[in-house]
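Here's a short set of exercises to work through with the structure open beside you. Try each task before you read its solution.

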Amino acid sequence: MKKSQKVQKTENLELETVLVLQGGGSLGAYECGVYKTLYEHGIEFDILAGSSIGAINAAIICSAQNENQDAPKVLEAFWLDLSENFQPAIELTRQATADDRTLALMSSIYSVTYGNTKAFMPRWLIPDFANYFPQNWNYMYDTSPLRSTLKRYVNPDGLKKILADDKDSCRLIISATDIQKGVPIIFDNKKMDVNIEKIVACAGYPFYGIKWTESDGRFLWDGSLLSNTPMLDVIHASPKYDKEYYIVDVFPREQKELPNNMIEVWHRARDIMFMDKTDKNVQLLKEIEKYLSLLKRINTIINGSDVRIDQKTKARLDEIAPEYHDIAQRRGAVIKEVTRIGRRESMHYLFEDADFSEYRIRKLIAEGEQDAERAINQSKEKEALSKNSIIESAEQ
């Protein structure tokens with residue numbers, strides 16, 4: 001959607017285009033590739049939403065877009081900065097590392113052992129007496145390096161609270177999890193300034209030992225613990241306008257091969273836990289849309305000039321009118337379309353989301369670009385077939 005179209009649609013209260021980005025560690029580089037292709041096709045977004053690394057990607061894009069920067073270029077620079085120029089003993093083990101799985105294994109072991117100098121640092125490499133007593137640890141990796149890195153790619157002015165009359169700024173909706181209350185915490189730049197601390201708070205995944213973040217008196221973990229595809233968070237935050245969604249799924253929905261061992265079992269179970277599960281949400285919202293449409297039709301009939309009702313009935317209708325308008329007007333948004341772009345796997349490996357090697361990051365970006373291109377072409381073909389069907393029906 002072009003910028004001029006976006007402003008016009010927002011002013012007419014018709015449609016918001018939304019990009020939803022999942023969490024998935026280094027697999028976030030795939031989302032970078034997807035976004036690059038969407039941008040090249042002229043698709044711009046009114047709302048960017050995400051959890052975990054998806055929240056970081058969304059924040060970088062939103063900041064750049066609101067500051068009139070080249071958002072794809074900024075996002076790709078961030079990922080190449082995170083990547084490690086890591087060629088593990090390549091001359092000694094050239095034959096072994098030629099295998100993609102072996103390289104992934106060695107790269108992820110490197111990340112687990114030494115961290116990533118631009119994102120997370122293991123406690124055992126930080127000179128602090130307390131770090132030598134692991135029985136007292138409640139985290140394994142400190143995210144201070146990530147804060148420093150984000151300062152180079154996120155402009156605070158680009159994520160300041162959007163003014164009520166600002167129809168042109170991109171909206172950011174990212175999620176974290178309150179550790180003590182077990183509820184989602186939503187950071188929305190239409191309601192608050194979103195800073196580096198809030199962005200990092202969305203990416204503290206405890207099962208990988210990432211440190212939690214304290215923000216505004218709350219202790220926060222990764223938003224993916226409650227929802228790795230925060231589509232409903234967008235609906236709740238913006239219930240008035242219809243939506244067109246682009247959802248990037250970094251965890252494969254389908255896998256033909258059955259797991260052969262426990263590592264592969266855990267890998268597949270993790271994919272299922274974190275893959276996009278919004279189909280049922282979309283179906284439910286479609287059903288609600290039917291009920292809302294029926295309510296509107298009934299209201300139109302009741303308020304028609306040819307309908308006569310007594311004063312007592314009119315008073316009762318007037319009494320429920322505010323509730324009707326709240327449901328039909330303020331919460332009457334429908335999902336017009338959902339485009340899903342999903343990563344596929346040539347190999348199944350449990351810690352592929354901890355592989356920050358430059359080779360893997362560049363490969364993920366390229367795969368994201370290719371899959372997004374494929375999804376857009378399929379969408380165009382589907383639209384063309386639909387138009388042809390309408391023409392054929394009219395001719396008959």
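**Exercise 1. A buried acid and its partners**

Is Asp271 buried or exposed? Decide, then find out what its side chain pairs with.

*Solution.* One thing to keep in mind throughout: this is a predicted model.

Step 1. Asp271 has 0% relative accessibility, so it counts as buried.

Step 2. Look for a basic partner. Asp271 makes a salt bridge with Arg270, and the closest N and O atoms are 3.1 Å apart.

Step 3. Check the partner too. Arg270 comes out at 8% relative accessibility, so it is buried as well.

Step 4. Now widen the view. Arg270 and Asp271 belong to a network of salt bridges that also takes in Arg343, Glu345, Glu352 and Asp353.

**Exercise 2. Salt bridges that reach along the chain**

How many salt bridges does a search of the whole structure find? Take the pairs Asp216 with Lys198 and Arg340 with Asp276, and work out which parts of the chain each one links.

*Solution.*

Step 1. The search turns up 24 salt bridges.

Step 2. Start with Asp216 and Lys198, whose closest N and O atoms are 3.4 Å apart. Asp216 sits in the loop between β7 (213-215) and β8 (218-222), while Lys198 is in helix α8 (residues 196-201), so this pair ties together parts 18 residues apart in sequence.

Step 3. Compare the two ends. Asp216 is exposed at 59% relative accessibility, whereas Lys198 is buried at 8%.

Step 4. Move on to Arg340 and Asp276, which meet at 2.5 Å, N to O. Here Arg340 is in strand β10 (residues 335-342) and Asp276 in the loop between α10 (262-274) and α11 (279-302), 64 residues apart.

Step 5. Arg340 is partly exposed at 31%, and Asp276 is buried at 0%.

**Exercise 3. Cysteines and disulfides**

How many disulfides are there? Use Cys170 to show your reasoning.

*Solution.*

Step 1. Recall what you're looking for: a disulfide is a covalent bond between the sulfur atoms of two cysteines. The cut-off here is a sulfur pair within 2.5 Å.

Step 2. For Cys170, the closest cysteine sulfur is that of Cys62, 4.0 Å away, which is too far for a bond.

Step 3. Over the structure, the count is zero disulfides.

Step 4. For context, Cys170 is buried at 0% relative accessible area, and Cys32 is buried at 0% too.

**Exercise 4. The nonpolar core**

Which residues have the most contacts inside the largest nonpolar core? Then look at the helices around them.

*Solution.*

Step 1. The core has 65 residues, and Trp79 and Leu150 have the most contacts inside it. Helix α3 (residues 53-66) gives the largest share, nine residues.

Step 2. List what Trp79 touches beyond its sequence neighbours: among them are Cys32, Ile53, Phe356, Ile361 and Ile365. Another core lies apart, with 14 residues including Val18, Val20, Tyr245 and Ile247.

Step 3. Turn to α4. Its buried residues are Ala71, Pro72, Val74, Leu75, Phe78, Trp79, Asp81 and Leu82. That spacing is worth a look, because residues three or four places apart in an α-helix point the same way.

Step 4. Check the helix length. The twelve residues of α4 should span 16 Å, and the end C-alpha atoms are 17 Å apart, which agrees.

Step 5. Do the same for α7 (residues 144-153), where the buried set is Pro145, Leu146, Arg147, Thr149, Leu150 and Tyr153. These pack against α3, α4, β3 (121-122), β4 (141-142), α8 and β7.

**Exercise 5. Two serines in loops**

Where are Ser83 and Ser227 found, and what does each touch?

*Solution.*

Step 1. Ser83 is in the loop between α4 (71-82) and α5 (94-97). It is buried, at 12% relative accessible area.

Step 2. Leaving out sequence neighbours up to four places away, Ser83 touches Phe356, Ser357, Glu358 and Ile361.

Step 3. Ser227 is in the loop between β8 and α9 (231-237), and is partly exposed at 26%.

Step 4. With neighbours left out as before, Ser227 touches Ser51 and Ser175. A polar atom of the Ser227 side chain also lies 3.2 Å from the backbone oxygen of Thr229.

Step 5. Finish with a distance: the C-alpha atoms of Ser227 and Asp276 are 9.2 Å apart, with their positions 49 residues apart along the chain.

Conventions:
Residues are numbered from 1 along each chain as its sequence is written. This is a predicted model: local features need pLDDT of at least 70, side-chain atom pairs count only at pLDDT 80 or more; totals for chains, interfaces and linings use all residues. Side-chain values use heavy atoms; hydrogens and water are left out. A salt bridge is a side-chain nitrogen of Lys or Arg within 4 Å of a carboxyl oxygen of Asp or Glu. Helices (H or I, at least four residues) and strands (E, at least two) are DSSP runs, numbered from the N terminus. Buried means under 20% relative accessible area, exposed over 50%, partly exposed in between (1.4 Å probe, protein chains only). A nonpolar core is a set of buried Ala, Val, Leu, Ile, Met, Phe, Trp, Tyr and Cys residues joined through side-chain atoms within 4.5 Å. Contact means heavy atoms within 4.5 Å. A polar contact is a pair of N or O atoms within 3.5 Å; within protein, one must be able to donate a hydrogen and the other to accept it, and residues adjacent in sequence count only if both atoms are side-chain atoms. The expected span of a helix is 1.5 Å times one less than its number of residues.
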